[in-house]
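Student: I should like to study this protein chain step by step, with the reasoning set out for each answer. May we begin?

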Amino acid sequence: MHGAVALQMREILNPQLDAYYDAEIFYIYRKQDEDDEENTSDGCSSTTSDSEIGQVECGGHIPQPRTKSMAGLRFHTKEKKTRTSDPMDEVVCKKCGKGDDEDYLLLCEDCDYALHTYCCSPALSNVPRSEWRCRRCLLTSVKEIAESYAFHDAHTSYNLLTFAKYANDWKQNHFHRDPLASYCNEVTSEEVEQEFWKDVIDLENTVVVKYGADLAVTKVGSGFPMNGRDFGGKMDPKEREYYANHPWNLNNLPILKDSVLSHMETGISGMMEPWVYVGMCLSAFCWHTEDHWTYSVNYLHWGERKIWYGVSGDEGEKFDRVMMELVPYLFERQPDVLHHMTTTMNPKILINKGIHVYTVHQEPGEFVITFPRSYHAGYNEGLNFAEAVNFAPADWLRKGRFCILEYARVHRNCVFSHEELMVKMAKCATKLSTNVGIAVHEELYEIIVREKHLRDTVIGKGITQSARVEYEHIPDDFRACVVCKTTLFMSSIICKHKRLVCLEHADRICSLCQTADLTFNYRYTAQELNYMYNMLSYGICDYSTWKSKLLSAINAKSHAVKPTLDDLRILVSVSKARCFPQCDATDEAMNIIKRSENIMQSARALMSRRIRTRNNLRKHANECPANIKDIEKLEQSIEELPCTILNLEFIVKNYVQRLEDWRRRCSQFLINAIDYTDKYDHYIDLANKLIEEADDFNVNLTEIDDLERMLDKCHWLQCAHKILAWTPENKPDSKTGYQNIVGLDQAKGRWRLSELVELIEKGRSIANDDVKFQIEIDALNVMLKIGHQNEYVVQAFLRDKKNEGIGVEEAEKVRAVLEVSDWMTEEYTDKFRNEYKFARTVYDTARRLRGNRSYTLKSLSDLLFKIGKSFILRNSIMDSDMERLYDCVQCFCRRVSHMFAPSPSYYSIVEILNGRDDLTELIEGVTTPLILMDPLSLRDNWAYIENFESVEQLTHHVNSLYEQQRRLIVTLRKSNEARFIDEMCLCGSTKEEDDSIIRCLLCHAKYHSNCVQWNPFMSQLPVGYYLCVRCLRSRRPFVEDVKDACGTALPSLERMLVETALKHAEMAYTEALDVIGKLPPLDPLDAELCKNVDESLIAVFCNEIMNLEAWELITNALIRVKPPTEKDKMIYEQIKKRSISTQIPNVLFPDNNGSKRRRGLKRSVLGSGKFMAHRKRSRNDFHQEQDVCSATTCLKPYSDHIRWIQCEAGCSRWYHYVCVGQTVNRVDQTSLYCCHSCSSEGMCSSSGSITSCPP
């Protein structure tokens, strides 16, 4: 029987657990095909679970579904039905369709699914005491808590005593009993078992236990004595030695003589080195088999019992099928889920599926052995200490091979290579016992047959490239099949992308590679495998058979197949292991082996590559390198050997052929390279390749010296040719050329004069009366002389103070003279080259700025700074011109600043002139603080204009802002009229002073009269009218003064800004005067005419330039359209009479959230950037330029921070905040936005926070 074996076995499950399962558990897993359609239709989730059922250390909290959507996503949440009567009247059984027997009608906690207790399958005997859920909701809950259930490493460290106290206290508290108080208080095994399975399936409560599992004995010590290790304790030395060497000591069991694992070269922790387990009550191990289906032995040293559940290895495949049937969603996600020890299943379920499950109650001092492929699981009844290890006798070999096939099916990584283990055992056949040798012999036969079949398949696919690979020297992680994860040893296939697969998956190696790109890798040839198999039988043969085989091997005829060296070694090893008598055949075989080993050593020395040193010099791998005659002798010695050394003869012949081919190509190259035409690069590449190939031959080759001399000549000629043919267009990008002689300038690839001298001297040393070399040397001498002369000329030029400010045109003449020496890099030549380049760049920049009239005060300042750093331009005519131009622009900017900037001022000159850019944010309800500015600071007042690169960009930006002012002011008025005064006043207070509130003429913002200051411009307004600090930004100079300033100014972006503002002011006054001229003299005005006049006056009062001639007509029309009240006049007079405060605040309209007003934000070329921080339901998603506002009348706001909102009621269309009357605060308090169209169509629910505004 394959299964769990021990001293005590009994029937699984006591009656209480059986009843508990029938009442609470079994219904979960019973398929209900007839209910699937009903479950789907009632809205219950049917998502399959990916979680394991019932891990021990876990959290049982079920995450509740989110009711709100994530930013940018719209979830359709299920809405609860509204019941107007008794809810139970609508509940009916989904099985029988009846609603009677309400006492037995179960209603799911998460959905409306209902079943009678007697309609359940199987029927429930009574109503469950706890909550009941239908099958689909339970599977959904299990999936949601999948990540919460798992085994985790504890953050607390324990020793054995502290863990024992923790475990005992936990059990006492969990069962509410004190075993020390009375014998009757002990917890029975049945109670622990029932509690364990109840906690496994309980999804509501969390039970956390700790398990000291998988502790290596090499770190924490073993319960058994170990040789060479003393972990404390008192024990008789003789007794310790006895048990330390005892075969049942788990430290010795895996490596006993007939154990297969003893042939592993390295110990595997947990398999060959025991692990100890310190358990507590309810700590468990889930269903699993041992690695590679090996045997395992578990010894319980002390403590309470360990409960085991076991399934025979004969039913292992059936167990897999049943588990896949019960929890298919786990296997879909991870086919090897049962190998992770994280899945448990109630044994009663397995029994009902026809699987025989056995139980073992392990007492202290008892061993439990699991057989290959037997599934087992269990738990601990309380504190205990156990130790376990794997072992593998000879009968495991067949099971191990089947396990590798199963691992490949589920794509599980192997712990070790089964094929490699078989080969290791076959190579030490003389050390194997008879039964182990026979088992290895049979297993190796199966491996060879399968390998031969797979290799024939590979040959049939047309793969022709092959290579021998020693897999035992490659780490397991780097020789695993990328498809099935099997650790490869016998063979593999690799593509040019380094993807490695086994022969079974040759068709899945790479979709990009052709058959010609594939290589077949093998460890042993078919002939070597057959010899290995045949030699394995020698370990169990007798003396006569052995001697017969030895004589036939050493006396093989010349035409017969020679034995291999491994054959002779195995036969000699068998003789020594079996203590066969010494004979002449043995001596001769040993002599042949010695001769073969000497030949192999000589061949290895010959095949080794040359060694490269740090200075790129080559030396031989050994002190006495071979010559051509030594190679010929080696070939003859291999042929005369009475045995064959696998692959050596082939390797040597291939080596000789490659050497002869190299010498032939080298001779041909030396003949062709005599003519040094213009193929220097080609000859250098060929010579380097030949010299590199020579490193493969550890032989004295005279051709290498000839190649290196030829390489020196080619390098020299290449360098000389590059200098003589130098032009700025073909100068080298990096340091190339003859590096052993000279070094090139790293930056530009130019040469120093000293390096050219070295190159000429080197050419003379290698010329050997070569005419071509002498011609090149003479030409280089001429270039050297010119280079010295030009360096002297440049030095004199730069040292002469008279040349300062000579100008670019004169410097260009000097540069033309030096063009012939552009190949040279010297101190003064490089200095002049950099000076000229810098001056040319500054000169071109100045011409460009003056040409398109796009210069600004700052650009001129930067240009003057650069001119001052230039030797060529400093104090030149250009310097004087730029100084005068800068002074003119500076004078204009200062005049404009004095003309417009008030004191105190909260706006820069650019913000005053470019139009209102704050209207969008004011409508959206965004707090926009105003920060005090220095009106005399030209840098701060004009800095923003630097963001525009051309006149076109600036005019487009300013025109766009002026164009939107009228329609946005109208919208802002409506918003301000609906707001409270604390949202608009400077103080931010809600104090009720109805008689002292004044309203802005332009934006209709409300202020306390005590919070505002008198502005001199208000004297220009009729009594009773007021312009707030946001609408009155400057002194508002007259049109004539502005025109006079612009008329005397030179062209610049600053002047263009002022002229654009002046143009819009004149247009606004002209339009207003046209409308006013149509007013009747005395007749009352109708509403439409008043509206037209008011809109025209908006443009007038938005402009910061005043037309004195038209002002009286403007104010008269204002009084007729919007006459002030007596209260407004009184407040006006109060403000006028009140003294102006000397305390000037640094910030107006402060933001309590700490944000600052944005200044100088660079806009795009079209000025239509959009700020998305408050875009509703869209995080990390940007509204592109092609997106259009869906409002019926879009206000087309122009700003660098426009906010959008999306309708989430169904149409999903986007709107500007300002177009649908939304503010930031309102959106933040809105959970769902519904547009006006959807609201009018009845698509918006009345419940919840819903905003619906007409567009």
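**Strands, cores and salt bridges**

Tutor: Let us start with a pair of strands: S14 and strand S17 (residues 519-522) run parallel and are joined by 4 bridges. Please keep in mind that the model is predicted.

Student: Which residue in S17 is the bridge partner of Arg468?

Tutor: Arg468 belongs to strand S14 (465-468), an edge strand that pairs on one side only. The pairing of S14 with S17 is parallel. Within S17, the bridge partner of Arg468 is Tyr522.

Student: What is the order of the strands in the open sheet?

Tutor: The open sheet has 4 strands, and their pairing is mixed. Its edge strands are S14 and strand S16 (500-501). The order is therefore read from one edge to the other as S14-S17-S15-S16.

Student: Is Glu528 buried or exposed?

Tutor: Glu528 lies in helix H15 (residues 526-536). Beyond its neighbours within four places in sequence, Glu528 is in contact with Arg468, Arg523, Leu646 and Asn647. Its relative accessibility is 8%, and buried means under 20%, so Glu528 counts as buried.

Student: How many residues of strand S13 (residues 384-391) are buried?

Tutor: In a regular strand, side chains alternate between the two faces of the sheet. In S13, Asn384, Ala386, Ala388 and Asn390 on one side are buried, as are Phe385, Glu387, Val389 and Phe391 on the other. Both faces of S13 are thus covered, and the number of buried residues is 8 of 8.

Student: Which residue of S13 is the bridge partner of Tyr277, and also of Leu300?

Tutor: Strand S6 (residues 275-279) pairs with S13 in the antiparallel sense over 5 bridges. Strand S8 (residues 295-303) also runs antiparallel to S13, joined by 8 bridges. For Tyr277 the bridge partner in S13 is Ala386, and for Leu300 the partner is likewise Ala386.

Student: Which helix gives the largest share of the largest nonpolar core?

Tutor: Nonpolar side chains tend to be buried together in soluble globular proteins. The largest nonpolar core here has 140 residues, of which Trp942, Leu1027 and Phe1101 touch the most other members. The largest share of this core, 11 residues, comes from helix H34 (residues 1053-1077).

Student: How many residues are in the second, separate core?

Tutor: The members of this second core include Leu565, Phe580, Val652 and Cys666. The core is separate from the largest one, and its size is 48 residues.

Student: How far apart in space are Val926 and Asn1225?

Tutor: Val926 is in the loop between helix H30 (919-924) and strand S20 (930-931). Apart from neighbours within four places in sequence, Val926 is in contact with Glu921, Arg1203 and Val1224. Although Val926 and Asn1225 are 299 residues apart in sequence, their C-alpha to C-alpha distance is 8.4 Å.

Student: Which residue forms a salt bridge with Glu363, and is that partner buried or exposed?

Tutor: Glu363 forms a salt bridge with Arg305, with the closest N and O atoms 3.7 Å apart. The two residues are 58 residues apart, and the pair links distant parts of the chain. Glu363 is partly exposed, with a relative accessible area of 28%. Arg305 has 15% relative accessibility, which is under 20%, so the partner counts as buried.

Student: In which helix do Asp566 and Arg569 both lie?

Tutor: The side chains of Asp566 and Arg569 meet in a salt bridge of 3.8 Å, N to O. Asp566 is partly exposed at 39% relative accessible area, and Arg569 is partly exposed at 30%. They are 3 residues apart, about one turn of the helix, and that helix is H17 (residues 565-577).

Student: Which residue forms a salt bridge with Arg916?

Tutor: Arg916 counts as buried, at 3% relative accessibility. Its partner is also buried, with a relative accessible area of 4%. The closest N and O atoms of the pair are 3.0 Å apart, and the partner is Asp918.

Student: How many salt bridges are counted?

Tutor: Some of the residues are linked in a network of salt bridges, namely Glu420, Lys424, Asp476 and Arg479. The count of salt bridges comes to 49.

Note on methods
Residues are numbered from 1 along each chain as its sequence is written. This is a predicted model: local features need pLDDT of at least 70, side-chain atom pairs count only at pLDDT 80 or more; totals for chains, interfaces and linings use all residues. Side-chain values use heavy atoms; hydrogens and water are left out. A nonpolar core is a set of buried Ala, Val, Leu, Ile, Met, Phe, Trp, Tyr and Cys residues joined through side-chain atoms within 4.5 Å. Buried means under 20% relative accessible area, exposed over 50%, partly exposed in between (1.4 Å probe, protein chains only). Two strands pair if DSSP finds at least two bridges between them. Contact means heavy atoms within 4.5 Å. A salt bridge is a side-chain nitrogen of Lys or Arg within 4 Å of a carboxyl oxygen of Asp or Glu.
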